[in-house]
Amino acid sequence: MPSVRTTPVEGPAAWKATDANIKDESWKTRVTEEQIAEFDAALKATAGKEVHDIVKEDLPAMPLVAKALQSIQDELEEGRGFAMLRGLPVQRWGMEETTRGLWILGLHLGSAEPQDKAGSLIHHVKDTGVKPGDNDTVRYFQTKVAIPFHTDGCDALAFLCYSKGRSGGLSRLTSAVTAFNEILKRRPDLAKVLQEDFHFDARGQHPNGDLCQVHPVYVFHNGHLNLIHKVPYIMSAQRLEGVPKLTAAQQEALDFMDVVMNEKDHVLEFESEPGDIQFVSNHTQCHGRTAFEDDTNGTGATRHFLRLWVTLPNGHEMPPHYVETREHMHGFVRRMPVDVSIMDGSMGRLLMNSGIPQDPHIWSGLSITDEQYHPLVIEAHRKYINSGADMITTNSYTVQPCYYRKAFDDWEARIPKDAETSARLAVEAVKLSNLDRPVRVLGSLPPLCESHRPDLATEFIAKEGKDFIVETYRAIADGLLKGGPVDAFIAETMNTWEEASCAIEAVKDLGKPLIVSMQGSLRSQTLKAQPHLAAEIAENILAAKSAGAPIEALCLNCAPPEDIAAAVKVLDEKGYRARLHAAGIRLGAYANVQQSKECHEGEGFSAENVGKRVIKVRDDLVNEGYIKHLHHFIKCGVSYIGGCCGSTPAQIKMLTDSLRDVSVEESSAKKRKTQRRLQLVASYNGSLLH
């Protein structure tokens with residue numbers, strides 16, 4: 001429980017409307033013609049792109065805009081807590097370009113975060129004809145009624161006026177810092193109450209489905225004020241089963257806070273013109289508006305604002321319980337350091353390069369089925385371990401019925417036996433490495449048909465039946481446990497969720513964690529990349545975890561890094577990064593480095609067609625070129641990182657060297673373990689981290 005603040009909070013965020021630097025309107029800045037020219041160039045450069053697909057790298061240099069937004073970042077976090085830019089040419093731009101313009105501005109301000117359960121990143125704040133109380137999910141921004149002082153989500157909001165209504169709709173600001181100081185001075189008993197827990201209605205928008213959330217209004221953490229203030233949602237939470245009735249002290253505290261915030265000296269009230277954009281901190285300020293009316297006589301006077309919720313790059317550390325709130329869970333997780341666990345890389349090509357012949361039916365599978373090659377398998381594992389891998393995967397990717405039926409008459413009996421052998425060799429490699437750090441062995445549960453072929457996988461499951469698929473995965477898992485035991489299972493390069501769900505069903509009661517790794521392009525039945533399916537997969541993963549499956553991580557693998565990045569972006573934008581974290585599920589990514597069009601496009605991967613081709617590594621993914629993509633994944637919250645087809649121990653060593661070691665106490669075992677975090681320094685000829 002945070003300590004109770006009993007002294008006033010000082011600083012520029014504790015303002016009054018009568019202060020000289022408020023009355024002089026120095027918090028307003030007019031956009032210059034040169035800055036507008038930078039916006040116009042950026043709009044031209046991004047014409048035709050979906051708004052949410054635009055990234056900063058798509059934009060031309062915007063130094064004047066960037067400088068202005070840097071100043072606003074500082075004002076929001078360390079200054080008054082609010083600012084305004086005036087004069088964006090929204091009428092000339094029209095709605096489409098205005099929406100892109102706001103998004104481009106947001107890219108320079110920070111990271112846009114979801115504003116609802118659906119993952120919406122831009123909200124249109126206007127009268128939609130609904131009223132508070134129409135149903136349990138109506139939110140005030142959808143109505144025309146007056147909105148009392150409150151906070152939104154994330155560090156700050158950017159609020160752009162596109163058009164004005166016929167009357168009303170004045171913006172209102174008050175300093176929550178000043179309000180706290182006044183309450184503390186006049187009623188210290190109520191200041192204490194406001195730092196105790198209240199129940200807030202989530203209005204059906206909590207990503208985890210929670211109906212309400214419990215936290216104080218004011219929290220002080222590491223010297224910073226934090227605030228979630230929504231009196232209407234505190235009141236509507238009273239209807240929910242299990243929510244205790246407000247005490248007399250709680251009701252009095254909320255009423256007194258409302259009185260103080262609305263005192264004349266504490267309220268800044270103003271009208272926004274089209275093209276004005278407000279920036280307001282959600283940690284130190286509260287905002288509201290007066291009721292408004294649109295024109296119903298055909299002149300088109302309609303109050304219409306566009307809103308972003310933004311996590312600031314210079315934002316302060318938030319209280320730990322904020323990770324459970326719908327307002328701040330996304331920003332909280334984004335600011336968390338990513339503790340990286342390094343996976344290994346490609347085994348098949350490494351083994352064949354070491355002298356193991358390629359079999360037309362089981363590709364590199366002779367490394368397991370022929371005992372003379374076992375020392376080479378152990379040595380390959382050790383190369384990755386010595387390069388820094390924290391996890392190695394058993395070399396059993398080809399131990400599956402589609403391949404084995406072609407190669408062995410006794411294929412059904414061989415599958416668990418060869419899975420057992422693969423686990424034994426991996427465990428032996430760890431023992432021989434004799435390291436002072438733990439290395440986990442992951443037992444591979446491969447696709448049981450072909451890879452990169454969701455169409456064939458669907459046909460295979462329909463033909464063989466789900467019972468056969470589950471029983472085969474169980475046989476592989478039993479062999480992996482007998483030969484190791486392995487530390488966890490990894491269902492990797494899964495073609496479809498149906499295939500992955502069979503693997504989950506097979507191992508859910510075996511007492512080992514499970515990593516589910518989908519083929520990173522998330523290909524459709526027509527073999528086209530479908531990154532938007534990442535949201536559906538994440539939802540399925542969360543449901544499986546909730547139902548008791550021991551899922552440790554959701555990974556994406558065996559695809560070009562660009563395809564995996566697109567899927568990770570969907571997870572981030574839709575809020576699944578925070579939801580997975582809240583469920584104890586980590587994100588992973590290990591991409592291909594070879595020319596995938598020569599191997600995986602079209603007919604997909606198979607031992608037969610791969611054997612017909614000379615696999616080439618992409619020029620831009622040689623060595624540190626690939627590491628640059630891995631660093632991007634880490635910055636997006638991915639913590640299980642490694643390589644897939646075409647990657648090498650040398651690249652895993654480069655990844656290891658590019659991360660710094662951070663020793664932390666592991667309280668449960670009283671041991672020291674090493675976790676790696678991304679260095680914010682240039683390396684590899686100074687060109688890697690730009």
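**Exercise 1. Determine how many aromatic pairs a search of the whole structure finds, and classify the pair Trp27 and Phe270.**

Solution. Rings of Phe, Tyr and Trp (its six-membered ring) pair if their centres lie within 6.5 Å; planes under 30 degrees apart are stacked, over 60 edge-to-face, and the rest tilted. The search yields ten aromatic pairs. For Trp27 and Phe270, the ring centres are 5.3 Å apart and the planes stand at 55 degrees, so the pair is tilted. The model is a predicted one, in which local features need pLDDT of at least 70 and side-chain atom pairs count only at pLDDT 80 or more, whereas totals for chains, interfaces and linings use all residues. Residues are numbered from 1 along each chain as its sequence is written, and side-chain values use heavy atoms, leaving out hydrogens and water.

**Exercise 2. Place Trp27 and Phe270 in the chain, and state whether they are buried or exposed.**

Solution. Trp27 lies in the loop between α1 (20-23) and β1 (28-30), and Phe270 in strand β13 (residues 268-270), 243 residues apart. Helices (H or I, at least four residues) and strands (E, at least two) are DSSP runs, numbered from the N terminus. Both Trp27 and Phe270 are buried, that is, under 20% relative accessible area, with exposed over 50% and partly exposed in between (1.4 Å probe, protein chains only). Together with Trp15 and Phe82, they form one aromatic cluster.

**Exercise 3. Identify which charged residues sit over the rings of Phe220 and Phe292.**

Solution. The criterion is NZ of Lys or CZ of Arg within 6 Å of the ring centre and within 35 degrees of the ring normal. Over Phe220 sits the charged end of Arg5, 5.2 Å from the ring centre. Over the face of Phe292 lies Arg303, at 5.3 Å from the ring centre.
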